[in-house]
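Biologist: Could you take a close look at one part of this model for me, the salt bridges? I'd like to hear which side chains pair up and how exposed they are.

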Amino acid sequence: MIEYASNRVPLKRLCETGGVLAVITQIVGTSYRNLGTMMAFGPQGQRTGSLSSGCIEDDIAEHAATAMKTGQVQALRYGQGSPYFDLKLPCGGGLSILLIPNPDRTVLKEILSRGDARVAVALRITLSTGALALIMPEQTDAGSDDLVIVLEPELRFWVYGHGIEAMSFALMAQAAGYDVTLFGQEGLQTDLSRIGPLNVTLVPSFRSYICPKPDSRTAVTLFFHDHENEARLLAQFLPSKALFIGAQGSLKARERLLLDLRAQGVAEAD
C-alpha cells in the first residue's frame with residue numbers, strides 16, 4: 001500500500017483525451033519519483049507528468065505508443081534487472097512501470113470527483129490486466145497481482161493577508177504545483193495584476209470574517225503587517241485538522257498574539 005497525491009493532472013488529461021496510463025509499480029533503491037506516481041501519454045504523443053528526472057520518458061513514450069496500437073498492457077523494467085542495458089538510471093536501483101492503454105474513464109472520473117469533494121480514495125490496479133477498481137481507503141490489503149494506491153486530496157494552501165509577502169508566497173506555492181487561494185481585501189486585485197494570476201477570494205472585513213474549515217491536507221498561512229485580525233482568524237483555525245498553521249511576525253508580535261488567543265479562550269493544546 002502506498003500513498004501519493006500528485007496524480008490528479010495526468011488522470012484529468014486521460015479523462016479528456018484517452019491514451020495510456022503509466023504507473024510506477026516497484027522501486028529498488030532510490031528513485032526520483034515515488035511508488036504509485038502516474039504519467040499520461042495522449043493518443044497524439046502528448047505527455048503529462050513524469051516518472052523520472054527525464055532519463056527514461058522518451059523510451060516509455062515509444063512503448064506507450066505500441067500499447068496504444070495493440071491495446072495490450074505492458075510491464076517495463078529499468079535499471080537493475082532491465083533488458084535495456086543502454087538506459088541507465090542516474091540514481092541507481094531499479095524501476096518497474098506498468099502501461100495501461102485506455103484505462104477505465106469511469107473509474108478515473110470518480111477519482112477526480114472524490115478529489116473535488118476532498119475525499120480520499122483507494123485505487124486497486126490488477127498488474128496482469130491493468131484493470132482499475134475503487135475500494136475503501138481502509139481496505140489496503142493487496143494480493144501479489146495488485147497494487148493499491150491511496151489517493152489523498154491534493155495539498156492546498158490558504159494564504160491570508162495583503163502586501164508583497166502574501167502575494168509572493170502564494171505565487172511561489174502555486175509555481176510549486178499546489179492549489180492556492182489568496183484571501184485578501186479590496187485593492188489586492190490591483191496589486192496582484194502587477195505580479196501574476198492567482199485564485200483570489202476578497203474578504204470585505206477580517207473583523208467579522210467566518211473562516212472555512214481546513215482539512216488535514218490544507219496549510220493555512222497568515223501574512224499581516226497589522227496584527228489586530230490575526231488572533232480572531234487563528235482562533236477559528238487552531239482547533240481544526242489543518243496540516244499546518246503559520247503566522248508571520250516578530251517575537252514581540254508572537255507574544256502579543258499568544259496573549260490575545262488565551263484571552264479568546266483558545267485551549268493551550270491548540
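Modeller: Arginine 254 is partly exposed, with 45% relative accessible area, and this is a predicted model, so keep that in mind throughout. Its partner in a salt bridge is glutamate 255, with N and O 2.9 Å apart. Glutamate 255 counts as partly exposed too, at 43% relative accessibility. Elsewhere, salt bridges with shared partners link Arg118, Arg156 and Asp215 into one network.

Let's stay with that network for a moment. Between aspartate 215 and arginine 118, the closest N and O atoms sit 2.9 Å apart. Aspartate 215 comes from the loop between strands E12 (199-202) and E13 (218-223), while arginine 118 is in the loop between H3 and strand E7 (121-126), so this pair ties together parts 97 residues apart in sequence. Aspartate 215 is buried, because its relative accessible area of 18% falls under the 20% cut-off.

Then there's a pair inside a helix: arginine 114 bridges to glutamate 110, and their closest N and O atoms are 2.8 Å apart. Both belong to helix H3 (residues 105-116) and are 4 residues apart, which means about one helical turn separates them. Arginine 114 is partly exposed at 26% relative accessibility, and glutamate 110 is partly exposed at 33%.

For the full tally, searching the whole structure turns up 9 salt bridges, and the ones I've walked you through are among them.

Notes: Residues are numbered from 1 along each chain as its sequence is written. This is a predicted model: local features need pLDDT of at least 70, side-chain atom pairs count only at pLDDT 80 or more; totals for chains, interfaces and linings use all residues. Side-chain values use heavy atoms; hydrogens and water are left out. A salt bridge is a side-chain nitrogen of Lys or Arg within 4 Å of a carboxyl oxygen of Asp or Glu. Helices (H or I, at least four residues) and strands (E, at least two) are DSSP runs, numbered from the N terminus. Buried means under 20% relative accessible area, exposed over 50%, partly exposed in between (1.4 Å probe, protein chains only).
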